[in-house]
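Biologist: I would like to learn how to read a strand pairing in a model, and then how to follow a single residue outward from it. Could you take me through it step by step?

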Amino acid sequence: MTTTCVVHSYRGGTGKSTTTSNLSVLLAALGKRVAAIDMDITSPGLHVIYNVSSQMMRNTLNDYIYNRCEFSDIVMDLTNHLKLPRGAVYFLGSSMKPEEIVKVIREGYSEKFFRHISEKLSREYNIDYVIFDTHPGLNEDTLLAIMSSDVSLLLMRMDKQDVTGTYITSQILRKFGKLSYVTLNMVPPNLAESSDLPSEVSKIIEAPVIGVLPFYEEVLSHRSRGVFCLHHPQHPYSSQLLRVAKRVIELTTQSQNSMPV
Amino acid sequence: MPEREFISDKDSEMRAKIRSIMSEMNTDTSKVEDVISKFEDKLEDLNSRLENLESRVSKLEKKFDLL
């Protein structure tokens, strides 16, 4: 069964693409088949972290929407490219051409689009997890992606603006009948040591916190040189995010098991 | 080639639902301010607890050095 997961945040710069790319390889390390989709349509950048060149990414989601290519043309198998020993990672990129970006923003995606992509990936690529890396904020296209997904992972930094935005976002998602899970990102290292932090923040923002990722200069500086966890598997960031990946698997397994047969 | 059915549904049912829910949120701004205030208080509390812990660890380390 394929689970669709949205990595989202209220504000930009919270580490959505870094988290998406690292989460995808960690889920693969746990034996899962993962597809990461760059839905940050106004500023796509996931391909940079995966080291996917424009020559490699000949077709994008935009080409598929406008019927310029087949589905298989936009699905890139990065398993060998990333030298993954287990599982699999596929990548579907968005166009970086300004004219394509403007067109897709103006016209918007159909609600059928997300379900169609997930179903194709499930049926044709036997994918366990589809991860949508979204555009920040509360725009309609992002909310469509969230509404079409099984799990929403909200990234939040430890500042007032992010707290406000994450609280409001989780309240909105609740109105949509969607439970969101929060991961605290770029947490000051001394604060991240507090074992009470996840439960205390959960109480305040009224949403479950499933992970705490401290701020590491190494992760920030590594950003455009590949997927951090692959280069530094023993780094505390990798082990903390691995816990989040395991938690995501637990949560989705629980929700699948509780579904009526 | 005809375009696939993945665009131009600006008036779709789900989009209408999104707009409706968003415009009827009636966000309680005083509640939001309360969340921020609680968050700031909690951060201060956690930081002071950590500082306290660090100072106790440091004292213990000094004590052990003396033994």
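Modeller: This is a predicted model, and a good place to start is strand S2 (residues 33-39) of chain A, which runs parallel to strand S5 (residues 129-134) of chain A and is joined to it by six bridges. As a general idea, strands of a sheet pair through backbone hydrogen bonds, either parallel or antiparallel. Within this pairing, Asp38(A) has Asp133(A) in S5(A) as its bridge partner.

Biologist: In what order do the strands of the open sheet lie, and which strands stand at the edges?

Modeller: The open sheet has eight strands with mixed pairing, in the order S3-S4-S2-S5-S1-S6-S7-S8 (chain A). Strand S3 (76-77) and strand S8 (209-214) of chain A are at the edges, and each has a single partner strand, so one side of each is left without a neighbour in the sheet.

Biologist: Is Asp38(A) buried or exposed, and what does its side chain reach?

Modeller: Asp38(A), which has its place in strand S2 of chain A, counts as buried because its relative accessibility is 1%, where the cut-off for buried is under 20%. Its side chain reaches the backbone nitrogen of Gly45(A) at 3.0 Å, and a polar atom of that side chain lies 3.2 Å from the backbone nitrogen of Asp40(A). Leaving aside residues up to four places away in sequence, Asp38(A) touches a set of residues including Pro44(A), His47(A), Phe91(A), Ser94(A) and Asp133(A).

Terms used: Residues numbered from 1 in each chain as written. Chains lettered and ligands numbered in written order. Predicted model: local features only at pLDDT ≥ 70, side-chain atom pairs only at ≥ 80, totals over all residues. Heavy atoms only, no water. Pairing = 2+ DSSP bridges. Helix = DSSP H or I, 4+ residues; strand = E, 2+ residues; numbered from the N terminus. Buried < 20%, exposed > 50% of the residue type's maximum accessible area, 1.4 Å probe, protein only. Contact = heavy atoms within 4.5 Å. Polar contact = N/O pair within 3.5 Å; in protein donor to acceptor, adjacent residues only side chain to side chain.
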